[in-house]
Amino acid sequence: MAMVRSGPRCEPSRFGPPNGVGACPFYGSSSLSPISSPRHLLVLDLDETLVHTSAILKGRCDLVLRNVTMSPGEAPRTCYVHYRPRLIPFLQEAARLFDVCVFTAGTQPYADQVLDHIDPSRSVVHYRLYRHHCEAHPGTLGQGYTYVKNIARLGRPLSQVIIADNSPVSYQLQPQNGIAVPPWTGEDRKDTFLLGTLMQWLRRLATKDDVIPTLAEIGNRTLQP
Ligand SMILES: [Mg+2]
């Protein structure tokens with residue numbers, strides 16, 4: 001899968017809904033990722049990893065979205081976006097160490113509003129991938145879809161890709177590349193995970209030729225928020 005560089009926007013009409021296992025709307029695209037990049041690729045989830053978005057205002061919020069549709073067919077509503085504490089300095093440091101991709105199972109209209117607010121100059125989130133870039137796997141109990149992020153399609157060797165996500169289901173195809181992020185739901189304003197625990201590991205990972213052994217070390221620990 002080639003990624004959308006965070007400069008030119010992709011055209012939603014080119015992609016459409018998830019095409020199921022084995023299909024990828026980005027195959028064949030002329031938008032190529034820089035596979036020769038000397039930096040590893042850090043793939044970050046959005047909701048409950050970097051931000052919490054809710055129809056309920058939880059104290060101070062960072063962004064109000066009006067008439068936003070979170071899922072196709074859903075009525076537009078007002079939503080409140082809460083940034084996880086230290087989000088901006090975390091992203092600034094991450095962008096210094098890695099090529100950064102936010103890969104969300106959220107829809108592009110929603111995610112772009114949030115990311116345009118977080119990174120208006122498009123300098124810390126280098127790539128954006130959305131729900132329509134996920135693979136749709138049948139959900140548990142036959143209900144709906146589970147959106148799976150197949151990072152093998154990002155044009156990088158898996159030895160150089162890290163995915164940090166609060167939902168391990170999202171990276172079930174490459175669990176060896178994952179960091180299980182404790183979900184943040186907006187209440188704990190003293191949460192230190194991003195710039196604390198996560199960044200400590202990322203600094204180590206950035207120095208490794210192959211990230212997998214270090215990720216295995218993390219996998220044996222329970223990361224605390
Ligand atoms: Mg999430």
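## Strands around β5

Strand β3, residues 51–54, runs antiparallel to strand β5, residues 77–83, and four bridges hold the pairing together. Keep in mind that this is a predicted model. One pair to pick out here is S54, whose bridge partner in β5 is Y80.

Strand β5 has another partner too: β4, residues 63–68, is antiparallel to β5 and is joined to it by four bridges. If you want a spot to look at, find L65, which stands opposite C79 in β5.

## H82, in β5

Now for a residue within β5 itself: H82 sits in that strand. Is H82 buried or exposed? H82 is buried, because 22 other C-beta atoms lie within 10 Å, and the cut-off for that label is 20 or more.

H82 and H52 are 30 residues apart along the chain, yet their C-alpha atoms are separated by 5.1 Å. H52 also turns up among the contacts of H82, alongside V51, K58, C61, D62 and G186, once residues up to four places away in sequence are set aside.

## V68, in β4

Over in strand β4 we find V68. This one counts as partly exposed, because it has 19 C-beta neighbours inside 10 Å, while a buried residue needs 20 or more.

Which residues does V68 touch, leaving aside its neighbours within four places in sequence? The answer is P76, R77, C79, Y110 and Q113. Two of those names, R77 and C79, fall in the stretch 77–83 that makes up β5. C79 is also the residue that stands opposite L65. As for Q113, it is 45 residues from V68 in sequence, with a C-alpha to C-alpha distance of 9.3 Å.

## D47, in the loop before β3

Let's step back to the loop between β2 (41–44) and β3, where D47 has its place. Although D47 is in a loop, it counts as buried, because 23 C-beta neighbours lie inside 10 Å and 20 or more are enough.

What does D47 contact, apart from its neighbours within four places in sequence? H52 and T53 are on the list, and so are T104 and G106. A105 is 58 residues from D47 in sequence and 8.5 Å away in space, C-alpha to C-alpha.

## H52 as a shared contact

H52 is worth a second look, since the name comes up twice: D47 is in contact with H52, and H82 touches H52 as well. H52 falls within the residues 51–54 of β3, the strand that pairs with β5.

Key: Residues numbered from 1 in each chain as written. Predicted model: local features only at pLDDT ≥ 70, side-chain atom pairs only at ≥ 80, totals over all residues. Pairing = 2+ DSSP bridges. Helix = DSSP H or I, 4+ residues; strand = E, 2+ residues; numbered from the N terminus. Buried ≥ 20, exposed ≤ 12 C-beta atoms within 10 Å, placed from the backbone. Contact = placed C-beta atoms within 7 Å.
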